[in-house]
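Biologist: I would like to read the cysteines and a sheet in a model. Where should we start?

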Amino acid sequence: GTAEDLGYFIQDDGSYTVYNANGLLAWNKAVQSDLSLNCTLTADINLTGTTWTPIGSGFSSNTGYQGTFDGQGHSITGLSITTNSTDGGNAVLFDGIGSNGTVKNLQVEVNYNVQQGVASGIVNVNYGTITACSVTGDIAARTSDIGGIASINNGSIIGCWFDGNLTTNYVEGGIAAYNYGTITACFYGGNAGQGVYSNQGETAETTKVDNSTVTWQTAVGGMNAALTGNDYQWKLGTDGLPVLQKKQ
């Protein structure tokens, strides 16, 4: 018979290099026991039909993800999480990103609908650094505050964007519901009414794309101005939304 394609290989330092859904799920399982495990994507990942376990905990800066997750400009699509009123649980990629954690160069497509718990595009509570990431899709949570990128930001969010629908009985922010850290050069579209609902941090540079005075091309220029030291930058894609490209 043929050998099973694991979808990943492990570097000498224990870091995962991932190129399909099986590989990402294997890293997801391993990182639950070691929150410092790095992950680098070398291909787009489709998670349709899989079960995702959110990584880390947003309880404190020490309980979140402490490694580096580098999407290298690739996308994660098909990330769908639905819970009913008895299940509970959060709909997020990361429940917490810790003070040493980094998530960068990643494009995520989501479909979240939770009756009890938190739902946000990338993370529930961020204490680390989120750079050059995007979220598209629908995010709905009946009993929690929600954000296109984060529910609560205590760290840094730089050059990121959201476009989609946010639905909640509480409060929402196109980038974050609550900011206690720094948000730099981030943009949002869709039905979000504000970039941040409550800003008690240093800066909250969020701009609504209304496709008249501010377009997604405007957003590309604004985000790239803040990403001069990053390996990837944004360009306008064929569907009219920004996509990541390797910096020349």
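Modeller: We take the cysteines, then the sheet; note that this is a predicted model.

Biologist: How many disulfides are there?

Modeller: A disulfide is a covalent bond between the sulfur atoms of two cysteines. The cut-off used here is 2.5 Å between the two sulfurs. By that rule the count is zero. C39 takes part in no disulfide, and the nearest cysteine sulfur, in C133, lies 13 Å away.

Biologist: Why is C133 not bonded to C160?

Modeller: The sulfur of C160 is the closest cysteine sulfur to that of C133, but the separation is 4.9 Å, which is too far for a bond.

Biologist: Is C39 buried or exposed? And C133, buried or exposed?

Modeller: C39 counts as buried because its relative accessibility is 0%. C133 is buried as well, with a relative accessible area of 0%.

Biologist: Now the sheet. What is the strand order in the open sheet of five strands?

Modeller: Strands of a sheet pair through backbone hydrogen bonds, either parallel or antiparallel. In this open sheet the order is β7-β9-β12-β16-β18, and the pairing is parallel.

Biologist: Which strands stand at the edges?

Modeller: The edges are β7 (94-97) and β18 (196-199). Each has a single partner strand, so one side of each lacks a neighbour in the sheet. On average, neighbouring strands of this sheet are turned by 10° against each other, direction ignored.

Biologist: How many bridges join β7 and β9?

Modeller: Three bridges, in the parallel sense, pair β7 with β9 (residues 123-126). One residue to look up is I97, whose bridge partner in β9 is N126.

Conventions
Residues numbered from 1 in each chain as written. Predicted model: local features only at pLDDT ≥ 70, side-chain atom pairs only at ≥ 80, totals over all residues. Heavy atoms only, no water. Buried < 20%, exposed > 50% of the residue type's maximum accessible area, 1.4 Å probe, protein only. Pairing = 2+ DSSP bridges. Helix = DSSP H or I, 4+ residues; strand = E, 2+ residues; numbered from the N terminus. Axes fitted to C-alpha atoms, helices over the stretch in contact; angles between N-to-C directions.
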